[in-house]
Amino acid sequence: MDTSYPREDYLPMTSHKQEPSPTVIKVRPPVVPRDYMVWSIFNTIYMNLCCLGFVALTYSVKARDQKVAGDLEAARRYGSKAKCYNVLATLWNVVVPLVLIALVVTGVLHLSKLAQESMDYLAFRLFPNEDEDKK
């Protein structure tokens with residue numbers, strides 16, 4: 001008996017099991033914390049009011065030392081403190097001069113207005129008859 005279709009006995013055995021696929025885990029290198037050294041040096045040199053730039057520089061050096069030593073958590077903490085002091089020093093170095101300039105400008109404007117009013121008053125008191133002569 002010849003059949004053109006394959007019989008069940010001759011069908012290849014199919015397995016329902018899947019072969020395990022390899023698991024790929026991507027390991028990123030640890031994030032290196034920043035130490036803000038250049039910003040700290042700039043704040044130390046530029047004006048350095050209330051020594052905030054020097055404190056930021058100190059924490060930046062500590063952060064760099066801890067990073068070299070391999071203690072990334074301590075380096076992150078010191079870097080965070082350095083960033084805070086750098087922000088404070090930058091605001092202090094920018095805002096205070098702007099406020100001083102604004103005070104000087106408003107003071108000059110006020111004094112010029114006061115001087116003009118004084119001159120007008122003195123001119124009126126010193127020469128009261130000029131208006132009567134013109135009539």
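Here are some short exercises, with worked solutions, on the predicted model above.

**Exercise 1: the network around Asp-35**

Work out which residues Asp-35 pairs with through salt bridges, and what parts of the chain those pairs tie together.

*Solution.*

Step 1. Start with the general idea: side chains of opposite charge can pair when their charged atoms come close.

Step 2. Look for a partner. Arg-64 makes a salt bridge with Asp-35, and their closest N and O atoms sit 2.6 Å apart. Now place the two residues: Arg-64 is in helix H2, while Asp-35 is in the segment before H1, so this pair ties together parts 29 residues apart in sequence.

Step 3. Check how accessible each one is. Asp-35 has 8% relative accessibility, so it counts as buried. Arg-64, at 38%, is partly exposed.

Step 4. Look for another partner. Asp-35 also forms a salt bridge with Lys-67, with the closest N and O atoms 3.8 Å apart. That still passes, because the cut-off is 4 Å. Lys-67 lies in helix H2 too, so here the parts tied together are 32 residues apart in sequence. Lys-67 is partly exposed, at 26% relative accessibility.

**Exercise 2: a salt bridge inside one helix**

Find out how far apart in helix H3 the residues Arg-76 and Glu-73 are, and how their side chains meet.

*Solution.*

Step 1. The two side chains meet in a salt bridge, at 2.4 Å from N to O.

Step 2. Count along helix H3: Arg-76 and Glu-73 are three residues apart, which means about one helical turn separates them. An α-helix has 3.6 residues a turn, so residues three or four places apart point the same way.

Step 3. Both are partly exposed: Arg-76 has a relative accessible area of 43%, and Glu-73 has 42%.

Step 4. Now put the salt bridges together. A search of the whole structure gives three of them. Those that share partners join Asp-35, Arg-64 and Lys-67 into one network.

**Exercise 3: sorting aromatic pairs**

Decide whether the pair Tyr-36 and Trp-39 is stacked or edge-to-face, then do the same for Phe-42 and Tyr-46.

*Solution.*

Step 1. There are four aromatic pairs to choose from. In the pair Tyr-36 and Trp-39, the ring centres are 6.1 Å apart and the planes meet at 65°, so it's edge-to-face. The cut-off for that label is over 60 degrees.

Step 2. Tyr-36 is buried, at 17% relative accessibility, whereas Trp-39 is partly exposed, at 29%.

Step 3. For Phe-42 and Tyr-46, the centres are 5.5 Å apart and the planes are at 10°, so this pair is stacked. Tyr-46 is partly exposed, with a relative accessible area of 37%.

Step 4. Elsewhere, Tyr-59, Tyr-78 and Tyr-85 make up one aromatic cluster.

**Exercise 4: helix H3**

Compare the reach of helix H3 with its expected span, then say what its buried residues pack against.

*Solution.*

Step 1. H3 runs over residues 72–126, which is 55 residues.

Step 2. From first C-alpha to last, H3 reaches 79 Å, close to the 81 Å expected at 1.5 Å a residue.

Step 3. List the buried residues of H3: Ala-74, Ala-75, Gly-79, Ala-82, Asn-86, Ala-89 and Asn-93. They pack against helix H1 (37–45) and helix H2 (52–69).

Terms used:
Residues numbered from 1 in each chain as written. Predicted model: local features only at pLDDT ≥ 70, side-chain atom pairs only at ≥ 80, totals over all residues. Heavy atoms only, no water. Phe/Tyr/Trp six-rings, centres within 6.5 Å; stacked < 30°, edge-to-face > 60°. Buried < 20%, exposed > 50% of the residue type's maximum accessible area, 1.4 Å probe, protein only. Helix = DSSP H or I, 4+ residues; strand = E, 2+ residues; numbered from the N terminus. Expected span 1.5 Å × (residues − 1). Contact = heavy atoms within 4.5 Å.
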